[in-house]
Amino acid sequence: MNTKQRAISKDTFGLSGQIALLTGASSGIGRACALALGCAGVKVVINHLPEASNEAAKVCQEIEDVGGDAFAYAADVSNEAQVAAMFAEMVARFGTLHILVNNAGIESSAKFQEMTLSQWQKVIDVNLTGMFLCSREAIREFLRRGAQPDVSQASGKIICMSSVHQEIPWAFEANYAASKGGVDLLMRSLAQEFAPQKIRVNAVAPGAIRTPINRSAWRTEEAMKNLLDLIPYKRIGEPDDIAQAVLWLASDLSDYMNGATMFVDGAMSAYPAFRGAG
Ligand code: NAD
């Protein structure tokens, strides 16, 4: 738990007592979002892969250390039965759900002519089908429970972790870019379909954030220099930068925000290569 997280008060975002499920929350951005929500008084389900059980347990411990409540659950977000069982366990232990953070994601880079079907399929399965399966379970629970105006103005909130690559094409990562382009229209279609039920669905599109998924892009001095050429704000993003946006999107402070993507990218999506070119 760092000082930025500890500075989050239970009152600032009015989220205390709400229940959140975050996918892929044992590391990186998901972990930072879980800690931030935990500090804001949210009860948190930490979804993770079985091989990350120790890391997930540590995230739960950190939340409990600041007086919060969390449990970890191993499930592959692309597996329908495992996702259904995870949501059933969440309802059994916490009673319901208010906030879903669809965060789990992977990359699998290849020259397009050499990309295998399984490389294509795996990325689509985790990054896009995983969001479909978890969002469907969340929406079923929001509709079952109905409005709780004393808890939140919205009947439920879904936040999808997209990427600047929902907009920026990405050579050698066609599977990833296609999955995030899909996330954009999945998110907007759900926002349109469920706005009448007061369910809000939004996305965050991170730029380059210092996490395990993109270690090769920041690990060496040379890689970092090349990366910073793409970021007008001239620093790499940190997981907390994304967690702050997620906190706001989960809270009633953003109640009129629905069907939107927040780009949190140090202006990476502002086409920096065009600066001074015309
Ligand atoms: P990360 O690798 O630390 O996090 C991804 C998490 O997803 C891991 O904890 C991993 O175990 C989990 N995961 C993978 N497959 C899973 C599955 N089938 N079921 C459940 N969990 C699974 O990297 P991160 O950067 O924190 O990535 C989080 C999200 O942010 C991803 O959706 C990623 O695409 C997105 N994103 C990251 C960046 C960045 O620069 N780091 C930029 C844009 C978008």
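# Questions on a predicted model

Trainee: Which residue has an N or O atom in the side chain that is 2.9 Å from a nitrogen atom of the ligand?
Mentor: The contact starts from a nitrogen atom of the ligand and ends on a side-chain N or O atom 2.9 Å away. The model is predicted, and the distance is computed from its atoms. The residue on the protein side is D76.

Trainee: Which residue has a polar backbone atom 2.8 Å from an oxygen atom of the ligand?
Mentor: Two contacts use oxygen on the ligand side. In one, an oxygen atom of the ligand is 2.9 Å from a side-chain N or O atom of N214. In the other, the partner is a polar backbone atom, at 2.8 Å, and the residue is I209.

Trainee: How much of the area that the ligand exposes when taken alone does the protein bury?
Mentor: Besides the contact with an oxygen of the ligand at 2.9 Å from the side chain of N214, there is the area to consider. Taken alone, the ligand exposes 820 Å². The share of this area that the protein buries is 92%.

Trainee: How many residues are around the ligand?
Mentor: Those that come nearest are S27, I29, N103, Y176 and T211. They belong to a set of residues around the ligand, and that set numbers 28.

Trainee: Is E137 buried or exposed?
Mentor: E137 is found in helix α5. Its relative accessibility is 15%. The cut-off for this class is under 20%, so E137 counts as buried.

Trainee: With the side chain of which residue does the side chain of E137 make a polar contact?
Mentor: Leaving out residues up to four places away in sequence, E137 touches V83, A84 and F87. The polar contact is a separate matter: it joins two side chains at 3.2 Å. The partner of E137 in this contact is R140.

Trainee: What distance separates the C-alpha atoms of E137 and I8?
Mentor: Along the chain, E137 and I8 are 129 residues apart. In space, their C-alpha atoms are separated by 29 Å.

Trainee: With which residue does R136 form a salt bridge?
Mentor: Side chains of opposite charge can pair when their charged atoms come close. For R136, the closest N and O atoms of the pair are 2.7 Å apart. The partner of R136 is E80.

Trainee: How many residues apart are R136 and E80, which link distant parts of the chain?
Mentor: The salt bridge between R136 and E80 has its closest N and O atoms at 2.7 Å. R136 is in helix α5 and E80 is in helix α4 (residues 80-94), with a separation along the chain of 56 residues.

Trainee: What is the relative accessibility of E80?
Mentor: R136 counts as partly exposed at 23% relative accessibility. E80 also counts as partly exposed, and its value is 48%.

Trainee: In which helix do R93 and E89 both lie?
Mentor: The side chains of R93 and E89 meet in a salt bridge, at 3.6 Å from N to O. E89 is partly exposed, with a relative accessible area of 28%. The two residues are 4 apart, about one turn of the helix, and that helix is α4.

Trainee: Does D241 count as buried or exposed?
Mentor: D241 forms a salt bridge with R235, and the closest N and O atoms are 2.9 Å apart. R235 counts as partly exposed, at 39% relative accessibility. The relative accessibility of D241 is 17%, and the cut-off is under 20%, so D241 counts as buried.

Trainee: What is phi of K198 near?
Mentor: Most residues other than glycine have a negative phi. K198 lies in the loop between α6 (174-194) and β6 (199-206). K198 is a residue other than glycine, yet its phi is positive, near 65°.

Trainee: What is phi of A267 near?
Mentor: A267 is placed in the segment after β7 (261-264). It counts as partly exposed, at 33% relative accessibility. It too is a residue other than glycine with a positive phi, near 75°.

Trainee: What is the relative accessible area of S251?
Mentor: S251 is found in the loop between α8 (239-250) and β7. Not counting residues up to four places away in sequence, it touches F13, L15 and R200. S251 is buried, and its relative accessible area is 0%.

Definitions and conventions:
Residues numbered from 1 in each chain as written. Predicted model: local features only at pLDDT ≥ 70, side-chain atom pairs only at ≥ 80, totals over all residues. Heavy atoms only, no water. Near = heavy atom within 4 Å. Polar contact = N/O pair within 3.5 Å; in protein donor to acceptor, adjacent residues only side chain to side chain. Areas by Shrake-Rupley, 256 points an atom, 1.4 Å probe, with all protein chains shown as cover. Buried < 20%, exposed > 50% of the residue type's maximum accessible area, 1.4 Å probe, protein only. Contact = heavy atoms within 4.5 Å. Salt bridge = Lys/Arg side-chain N within 4 Å of Asp/Glu carboxyl O.
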